[in-house]
Amino acid sequence: MKLYHFWLSSCSWRVRAALAAKGLEVELEVVDISAQAMQQDSLAYSVRNPMRQVPTLVFDDGGVVRELGQSTAIIEYLEERYPEPALLPKEPWQRARARQVAEMVNSGIQPLQNIRILERVSAQGGDSGEWAISVIDRGLQAIESVLASRAAAFCMGDVLGFADLFVYPQIYNAQRFNISFEGMPTLARIAESCAAHPAFIATHPDLGAE
Ligand SMILES: N[C@@H](CCC(=O)N[C@@H](CS)C(=O)NCC(=O)O)C(=O)O
């Protein structure tokens, strides 16, 4: 398998961590989405991923080469093809809850603070930092209230799972914007557990700076 990714991309980190959690080997190829490089807009990459975003997973499917975009679709595919260790809870309510939390990040926070949006906010005279902080903080506060009644180390229990793959990279982005977790004790605890988990350590964005 080959993953087109960018180290600082939270959506890419979700997939890197899912692959690591399942013990799957992957070849990594960087697509530099920084404002200076914009490699995601190249013709070669946009054929693989028409949204011109990372990540894209390329894999062999019984002799057919598949190219799959969208981190949620990629992680769900990995979960179905390589069921153990499971990332989604088995019980339907817990499973739906994990997807709810993941979706709060995937459609409610990350798209609003994607680099392309921040550039548009700046281009229109806005303060992109203030914008990013407001959308991330609002979304994480909502996730805090969904998870607050739980006492577990991770989002859905005491093992790393699907929701954590979305929540922790988003928390990492929040930390880069100096967002305080004082009022979000549940997320602060989950962040600590994720930061110490081998699947996140082995795939951390800082590795891209080495
Ligand atoms: N829903 C998509 C979002 C992908 C996405 O927004 N990726 C960002 C990095 S986290 C990106 O490629 N941004 C560059 C751009 O939009 O031009 C997914 O989960 O894969």
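Reader: Happy to start with the basics: of the 210 residues of the protein chain, what percentage count as buried?

Author: This is a predicted model, where local features need pLDDT of at least 70, side-chain atom pairs count only at pLDDT 80 or more, and totals for chains, interfaces and linings use all residues. Residues are numbered from 1 along each chain as its sequence is written. A residue is buried if 20 or more other C-beta atoms, placed from the backbone, lie within 10 Å of its own, exposed if 12 or fewer, and partly exposed in between. Of the 210 residues of the protein chain, the share that counts as buried is 32%.

Reader: Which pattern does the protein chain follow along the sequence?

Author: Helices (H or I, at least four residues) and strands (E, at least two) are DSSP runs, numbered from the N terminus. The secondary structure of the protein chain comes to nine helices and four strands. Read along the sequence, their pattern is β-α-β-α-β-β-α-α-α-α-α-α-α.

Reader: What is the radius of gyration of the protein chain?

Author: The C-alpha trace spans about 50 × 45 × 30 Å along its principal axes. The radius of gyration is taken over C-alpha atoms, and the globule rule is 2.2 Å times the number of residues to the power 0.38. For 210 residues that rule gives 17 Å, and the chain's value is close to it, so the chain is as compact as a globular protein of that length, with a radius of gyration of 17 Å.

Reader: Which element gives the largest share of the side of domain 1 that touches domain 2?

Author: The domain assignment, automatic or from a database, gives domain 1 (2-84) and domain 2 (92-200). Counting a contact as C-beta atoms, placed from the backbone, within 7 Å, 12 residues of domain 1 are in contact with 15 residues of domain 2. On the domain 1 side, α1 and α3 each give two or more residues. The largest share, eight residues, comes from α1.

Reader: Nice. Which element gives the most to the largest nonpolar core?

Author: A nonpolar core is a set of buried Ala, Val, Leu, Ile, Met, Phe, Trp, Tyr and Cys residues joined through C-beta atoms within 7 Å. The largest one has 48 residues, with A18, V101, C155, A163 and V167 making the most contacts inside it. Domain 1 and domain 2 both give residues to this core, so it lies between them. The element giving the most, with eight residues, is α7.

Reader: Is M156 buried or exposed?

Author: M156 lies in the loop between α6 and α7. Leaving out residues up to four places away in sequence, M156 touches P89, Q94, R97, A98, G161 and A163. M156 and Q94 are 62 residues apart in sequence and 7.3 Å apart in space, C-alpha to C-alpha. Because M156 has 23 C-beta neighbours inside 10 Å, it counts as buried.

Reader: Now the ligand: which residues around it come nearest?

Author: A residue is near a molecule if its C-beta atom, placed from the backbone, lies within 6 Å of it. The shell around the ligand draws at least three residues from each of domain 1 and domain 2, and α1 (10-21), α3 (71-81) and α5 (115-123) each give two or more. Its residues divide into five nonpolar, nine polar and two charged (Ala, Val, Leu, Ile, Met, Phe, Trp, Tyr, Cys and Pro count as nonpolar, Asp, Glu, Lys and Arg as charged, and the others, Gly among them, as polar). Of the 16 residues around the ligand, those that come nearest are S9, C11, Q53, S71 and R116.

Note on methods: Two residues are in contact if their C-beta atoms, placed from the backbone, lie within 7 Å.
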